[in-house]
2 protein chains.
Amino acid sequence: MNFEVINIFYYLAVILLFSKALGLLARKAGLPQVAGMVVAGVIIGLLGKLHDPDNFFLQFFMKPNEVESDVLRAFSQVGVVLILFSSGLETNFSDLKKSGLAASVIASFGVAVPMALGSLGTFAFLNGFSDFSEDKILNAIFAGTILAATSVGITVETLKETGKLSGKVGQTIVSAAIIDDVIGIIVLSVVTSLQGGGYSQIYITLLKALGFFVFSIGLGILFRLYFNWEERKFPHKRRTSIFAFAMCFFYAFCAEKFFGIAAITGAYMAGVMLSGLVDTSFVDRKVVVSGYMIFSPIFFSFIGISADFSAFDLSYVGFAAIFVLLGIAGKIIGCGLSAKPFGFTNKESFTVGCGMIARGEVALAVYGAGKSLIAAENGVDPLVATIFLIVISSVLCPILLKLLFKDKGGKSGNADGENVLPLAENGNNA
Amino acid sequence: MNFEVINIFYYLAVILLFSKALGLLARKAGLPQVAGMVVAGVIIGLLGKLHDPDNFFLQFFMKPNEVESDVLRAFSQVGVVLILFSSGLETNFSDLKKSGLAASVIASFGVAVPMALGSLGTFAFLNGFSDFSEDKILNAIFAGTILAATSVGITVETLKETGKLSGKVGQTIVSAAIIDDVIGIIVLSVVTSLQGGGYSQIYITLLKALGFFVFSIGLGILFRLYFNWEERKFPHKRRTSIFAFAMCFFYAFCAEKFFGIAAITGAYMAGVMLSGLVDTSFVDRKVVVSGYMIFSPIFFSFIGISADFSAFDLSYVGFAAIFVLLGIAGKIIGCGLSAKPFGFTNKESFTVGCGMIARGEVALAVYGAGKSLIAAENGVDPLVATIFLIVISSVLCPILLKLLFKDKGGKSGNADGENVLPLAENGNNA
């Protein structure tokens, strides 16, 4: 075992301890756990800068060297891939059919409006519409893309707590949030694939994205047939989970290597292709355990550890405020207005909009996948703004929903039930 | 995501697929799964050598570059650390007390005799007792140490299948196998810590080993108090498992960094210090899932991937035969003879000896931890011999036990029951 490998155990210990402790602290303060985990990473990163090999105490504030950073990045990437794989596995197509058209339209506007507002806002902040260079436009679109995906986890959790999960409004919100995930992933694929060629090659990019979906669905049907046979012949066996993991990693690899699409998109598609099987929840459980025990904390902390605050100044606070505002307003406007034509009252439409504002781990995953799109100089890194968005939106979402549902006096549902999405930030058994 | 990280997904996919497939194939052939996993690694390693970036097919036989190897080694080290952490957690002190003195004596001879025979045999093979240079002696002791630890997993599995787990002979075998693990770990600590200073500094080495046990028990009592409080206040929470993981990694780090002892010894001690708590099996379950889903397959395959067969020649086959023979005879003689004075009949004593011959993942862990002790030139790498030992001993152990127990006509016990040691190679739910 060489020098670097043993130090990895130190980082694993510190990351697991700090991220869980700060995650719990965050939850105690009514904030999402992921916010605490990212902050833990920021603290670990800052403490690492104090490292001094000659000082007895400061030698313990270790800073990963290049190889160690690569190793931690690998763990963190496995983490985000597992989060998206789990999201994919949890896709429930029969739920989707119920709300059907309404949910699809609401989700589409729920992606388009915040994305457009966020991109325009970021672009204005970057140069006041004076500089139309490609890198600034890409930077702005990237920031907008972060605003696209609602956190299904936080939404479901809140609806459960208010006992409204199975009502018409609740069903519509959940279905829209799921479709929103799918659209968000497609948009992310297109945006991240712009990285290489820029938007001059947008047709090739779109063609590649399309190619990946054809590839992943085609191959997925074959894999599905295999898993179908296997779960009949060997139900609930470890091999099922392990082969599913292998498929997830294979999709992640192919997506990025051959189609220029984010690895997380591949993992998500692998999950979708294995969703709805008898053993899906069995596999998902293993994904979730492997995730929260080691990989997810590393993913969230590593975002904080590798965050660069050197360009941070006061003007950034203004950007963060605009970003959060547009992110929340965009969902309420986009989803609320598009709900109206589907027979919802004004108040119900507003409720649908408010139910969609929560952002979570997917926003950070999108950030991680597209980080390199930040314009090298005079660009804006939306990390801190994204963390603010996650914290504020996921605190605000349950508060608004509870207020809006209160008048109707709905019965309190399975608030103590098991978390449907155990990777979600506010899981009861954290 | 840089070039190296995305390739990791490829290796993860290939390793999980091949190691599980060959593991299952091995089990189907009545061999332990770990043997199949190591062979999978050997195949992956050999195929990697065919890599040719210009050939359409051969480009897919990838060979990890240096950074990628470091990342895979980190995963594999986490794997072996989790295996030993799990072993430690599963230590059952009340079982130990029952068989007490007899088991301790049997275990001690069961470690000493094969170790002595194996070391002498290897030394004879290396130079025919003509060259007493330090590196050859260390090489021989290292090979002997691999023979020390019985695989509790295979033993328990076999006793369960024959329905003899709770009989006097069965209890003695299990207790002795557990104590044998502890002694094996201590011996390993001492042997691996010789790496740095050689046996000229053996006192410092022993002092450091002692220091580590004092440190780990002292700190462990404090941690235990914390976990005791936590499991009362927050039973069955994720945080318990995550903090236990952090403790395991911290112990692994401290053992190697500050005491020059193998990381796996640290992990094992962390497990022992957390054994017997109310939430221990809850934590162990998470360790086991994280292990078999991703880390253990990488550990076993990586042994094969990084195996060097360039020095392999015909004389090695002779060595392997001697090594396997001494490993099996050593346990039967050491345990069998020392069982006799404790009121066992001749046949029962022989049964106890046969019940202790199985080797498994711990032998490979010992191999991995001490690999650098192999004498640089004209040394002997016991990897292939170790794999043969694992395969032959774990096939022979159940056969012998079944034959020996047959005459007595014992009832068939919980052969279909859940595997007590789910990391064991022959688990039913693999």
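Contact here means heavy atoms within 4.5 Å. I note at the start that this is a predicted model.

**Entry 1. Around F75(A).**
I looked up which residues F75(A) touches, leaving out those up to four places away in sequence. Within chain A, I found I294(A), F295(A) and I298(A). From chain B, I found A74(B), F75(B), V78(B) and F295(B). I then looked up the largest nonpolar core, which holds 273 residues. F75(A) is among the members that touch the most others, along with F85(A), F249(A), F75(B), F85(B) and F249(B). I add a background remark: in soluble globular proteins, nonpolar side chains tend to be buried together.

**Entry 2. Chain A as a whole.**
I counted secondary structure in chain A and got 15 helices and zero strands. Chain A has 430 residues, and 60% of them count as buried. I also checked how far apart in sequence its contacts reach. Taking the contacts in chain A with a separation of 6 or more, I find that 81% join residues 24 or more positions apart.

**Entry 3. The interface of chain A and chain B.**
How much area do chain A and chain B bury between them? I get about 5500 Å², with 72% of it on carbon and sulfur atoms. F9(A), R238(A) and M293(A) supply 14% of the area that chain A buries against chain B, more than any other three residues. The contact draws 56 residues from chain A and 56 residues from chain B.

I next looked for polar links across this interface. The count of salt bridges between chain A and chain B is zero. Polar contacts do turn up: four residue pairs, both residues at pLDDT 80 or more. On the side of chain A that touches chain B, the helices α1 (3-28), α3 (66-89), α9 (238-259) and α11 (280-305) each supply at least two residues. I sorted the residues of that side by type and got 38 nonpolar, seven polar and 11 charged.

**Entry 4. Salt bridges.**
How many salt bridges are there over all chains? My search of the whole structure gives four.

One of them joins D70(A) and R73(A), with the closest N and O atoms 2.6 Å apart. Both residues lie in helix α3 of chain A, and because they are three residues apart there, about one helical turn separates them. Buried or exposed, which is D70(A)? D70(A) is buried, at a relative accessible area of 11%. R73(A) comes out as partly exposed, with 22% relative accessibility. The cut-off that decides the two labels is 20%, since buried means under 20% relative accessible area.

Another salt bridge links the side chains of K331(A) and D180(A), at 2.6 Å from N to O. This pair ties together distant parts of the chain, as K331(A) sits in helix α12 (residues 314-339) of chain A and D180(A) in helix α7 (residues 168-197), 151 residues apart. I looked up accessibility for the pair: K331(A) is buried at 0% relative accessible area, and D180(A) is buried at 0%.

In chain B, I found a salt bridge between the side chains of K331(B) and D180(B), 2.6 Å from N to O. K331(B) is in helix α12 (residues 314-339) of chain B and D180(B) in helix α7 (residues 168-197) of chain B, with their positions 151 residues apart. K331(B) is buried, with a relative accessible area of 0%. D180(B) also counts as buried, at 0% relative accessibility.

Note on methods: Residues numbered from 1 in each chain as written. Chains lettered and ligands numbered in written order. Predicted model: local features only at pLDDT ≥ 70, side-chain atom pairs only at ≥ 80, totals over all residues. Heavy atoms only, no water. Core = buried A, V, L, I, M, F, W, Y, C linked by side-chain atoms within 4.5 Å. Buried < 20%, exposed > 50% of the residue type's maximum accessible area, 1.4 Å probe, protein only. Buried area = accessible area lost by both parts, 1.4 Å probe. Polar contact = N/O pair within 3.5 Å; in protein donor to acceptor, adjacent residues only side chain to side chain. Helix = DSSP H or I, 4+ residues; strand = E, 2+ residues; numbered from the N terminus. Nonpolar A, V, L, I, M, F, W, Y, C, P; charged D, E, K, R; others polar.
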